[in-house]
Amino acid sequence: MPEFNFGAEYDSSDFGAIDSGKYEVVIEKVETLTTKSSNKPMLKFTFKIRSDVDQNFKNRKLWYNIVKKDGDACYDFNKINKIIMTQDKFPTHFDTFDEVLQYLHNLNLRLEVVNEFSDYTGNEESRIKDYSFEKSLVPAQASDNVTVAKTDAVVLPVDADLPF
């Protein structure tokens with residue numbers, strides 16, 4: 001018969017606010033969902049603070065949503081482009097939106113966390129500052145917790161890039 005142990009201890013601070021500041025993260029997951037309140041399509045990013053970097057709050061998660069606005073045919077690509085452009089090499093063309101989502105998975109980057117009072121919960125909460133995405137300052141190391149960023153991206157030159 002299987003044995004179940006429910007006595008594991010945890011630190012309740014694992015769920016509290018994360019100090020404001022910049023953090024090295026990896027995109028752990030990107031999901032297409034709908035909002036609960038308005039049933040609008042949204043992208044839900046799950047970021048994980050990297051454990052291979054000397055920083056606080058290692059392995060903590062942060063979430064970032066990009067919601068389609070009424071009448072918009074697509075998501076806010078300015079925000080998505082800001083994330084993609086944090087990489088040294090990145091594709092300049094995707095054939096499908098699924099390719100975009102697949103590319104985003106496991107990217108390493110740097111972002112800024114801010115703390116604000118939430119009228120909804122009545123507590124101070126950590127959130128990712130809009131458009132705060134930057135190139136990672138620390139190369140990824142292969143480990144159990146971090147996947148090395150994609151390096152096989154192909155960037156094709158345009159005529160303006162050619163010297164002739």
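Does F94 count as buried, partly exposed or exposed, and what is its relative accessibility? In this predicted model, F94 comes out at 21% relative accessibility, so it counts as partly exposed, given that buried means under 20%. Its ring partner is Y103, and the two make a tilted aromatic pair, with 5.8 Å from centre to centre and 55° between the planes. Y103 itself is buried, at a relative accessible area of 7%.

That pair is one part of a wider aromatic picture: searching the whole structure turns up 8 aromatic pairs. Take Y64 and F133, whose ring centres sit 5.2 Å apart with the planes at 85°, so this pair is edge-to-face. Y64 belongs to strand β3 while F133 falls in the segment after β5 (124–128), so the pair ties together parts that are 69 residues apart in sequence. Both Y64 and F133 are buried, and together with F45 and F47 they form one aromatic cluster. Elsewhere, Y75 has the charged end of K68 sitting over its ring, 5.1 Å from the centre.

Now for the core. The largest nonpolar core has 26 residues, and I27, F45, F47 and L104 touch the most other members. Elements giving two or more residues to this core include β1 (21–34), β2 (41–49) and α2 (97–104). Leaving out residues up to four places away in sequence, L104 touches I27, V30, F45, I80, I83 and I84.

As for confidence, the mean pLDDT of the protein is 82, and 76% of its residues reach 70 or more. Residues 4–13 have pLDDT below 50, and this stretch has 2 contacts in the model beyond near neighbours in sequence. Residues 144–158 are also below 50, with 34 such contacts. Where pLDDT is low, the predicted coordinates should not be read in detail.

Notes
Residues are numbered from 1 along each chain as its sequence is written. This is a predicted model: local features need pLDDT of at least 70, side-chain atom pairs count only at pLDDT 80 or more; totals for chains, interfaces and linings use all residues. Side-chain values use heavy atoms; hydrogens and water are left out. A nonpolar core is a set of buried Ala, Val, Leu, Ile, Met, Phe, Trp, Tyr and Cys residues joined through side-chain atoms within 4.5 Å. Buried means under 20% relative accessible area, exposed over 50%, partly exposed in between (1.4 Å probe, protein chains only). Helices (H or I, at least four residues) and strands (E, at least two) are DSSP runs, numbered from the N terminus. Contact means heavy atoms within 4.5 Å. pLDDT is the predictor's confidence in each residue, from 0 to 100. Rings of Phe, Tyr and Trp (its six-membered ring) pair if their centres lie within 6.5 Å; planes under 30 degrees apart count as stacked, over 60 as edge-to-face and the rest as tilted. A charge sits over a ring if NZ of Lys or CZ of Arg is within 6 Å of the ring centre and within 35 degrees of the ring normal.
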